[in-house]
Amino acid sequence: KKKGNNEESIKDKRNVSMNRNNLIKLLRNQNKLDEAEILCNESLESCRKILGKENVMTLTFMKKLVTIL
């Protein structure tokens, strides 16, 4: 059971990351770069801790942060 719950938890966290990614895109498109940068930094740190530094979502947030700055 623990393994199944852990997999669900990671899946939920990936979904949150994808939703944050979409919000960052929206903020960037609205030229709300300060807000997008804050959210992107928070998301990047969260992904590093939860998914690992080489996970595709972590790398996506790194790339997004560069485009915002």
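Helices, taken as DSSP runs of H or I with at least four residues, and strands, runs of E with at least two, are numbered from the N terminus. The exercises below concern a predicted model.

**Exercise 1. Determine the secondary-structure pattern of the protein and its overall extent.**

Solution. Step 1: count the elements; there are three helices and zero strands. Step 2: read them along the sequence, which gives the pattern α-α-α. Step 3: consider the extent; along the principal axes, the C-alpha atoms occupy a box of roughly 45 × 20 × 15 Å. Step 4: consider the contacts between residues at least 6 apart in sequence; 53% of these join residues at least 24 apart.

**Exercise 2. Establish whether the end-to-end span of α3 agrees with the expected value, and state how its buried residues are arranged.**

Solution. Step 1: α3 comprises the 13 residues 56-68, and at 1.5 Å a residue these should span 18 Å. Because the expected span is 1.5 Å times one less than the number of residues, the count is lowered by one before multiplying. Step 2: the end C-alpha atoms of α3 lie 18 Å apart, in agreement with that expectation. Step 3: list the residues of α3 under 20% relative accessible area; the buried ones are Met57, Thr58, Phe61, Lys64, Leu65 and Ile68. Step 4: viewed down the axis of α3, these residues fall within an arc of 120°, so they line one face of the helix. Step 5: the face turned away from the buried side carries the exposed residues Val56, Lys63 and Val66.

**Exercise 3. Carry out the corresponding analysis for α2.**

Solution. Step 1: the 19 residues of α2 reach 25 Å from first to last C-alpha, close to the 27 Å expected at 1.5 Å a residue. Step 2: the buried residues of α2 are Ala36, Leu39, Cys40, Ser43, Leu44, Cys47 and Leu51. Step 3: seen down the axis of α2, they lie within an arc of 140° and therefore line one face. Step 4: a general rule applies, since an α-helix has 3.6 residues a turn, so residues three or four places apart point the same way. Step 5: Asp34, Ile38 and Lys49 are exposed on the other side of α2.

**Exercise 4. Describe the backbone phi of Asn31 and of Gly52, and locate each residue.**

Solution. Step 1: Asn31 has phi near 60°, a positive value in a residue other than glycine. Step 2: Asn31 belongs to the loop between α1 (2-29) and α2 (33-51). Step 3: Asn31 has a relative accessible area of 59% and is therefore exposed. Step 4: Gly52, just after α2, adopts a positive phi of about 100°.

Terms used:
Residues numbered from 1 in each chain as written. Predicted model: local features only at pLDDT ≥ 70, side-chain atom pairs only at ≥ 80, totals over all residues. Heavy atoms only, no water. Contact = heavy atoms within 4.5 Å. Buried < 20%, exposed > 50% of the residue type's maximum accessible area, 1.4 Å probe, protein only. Arc of directions from axis to C-beta.
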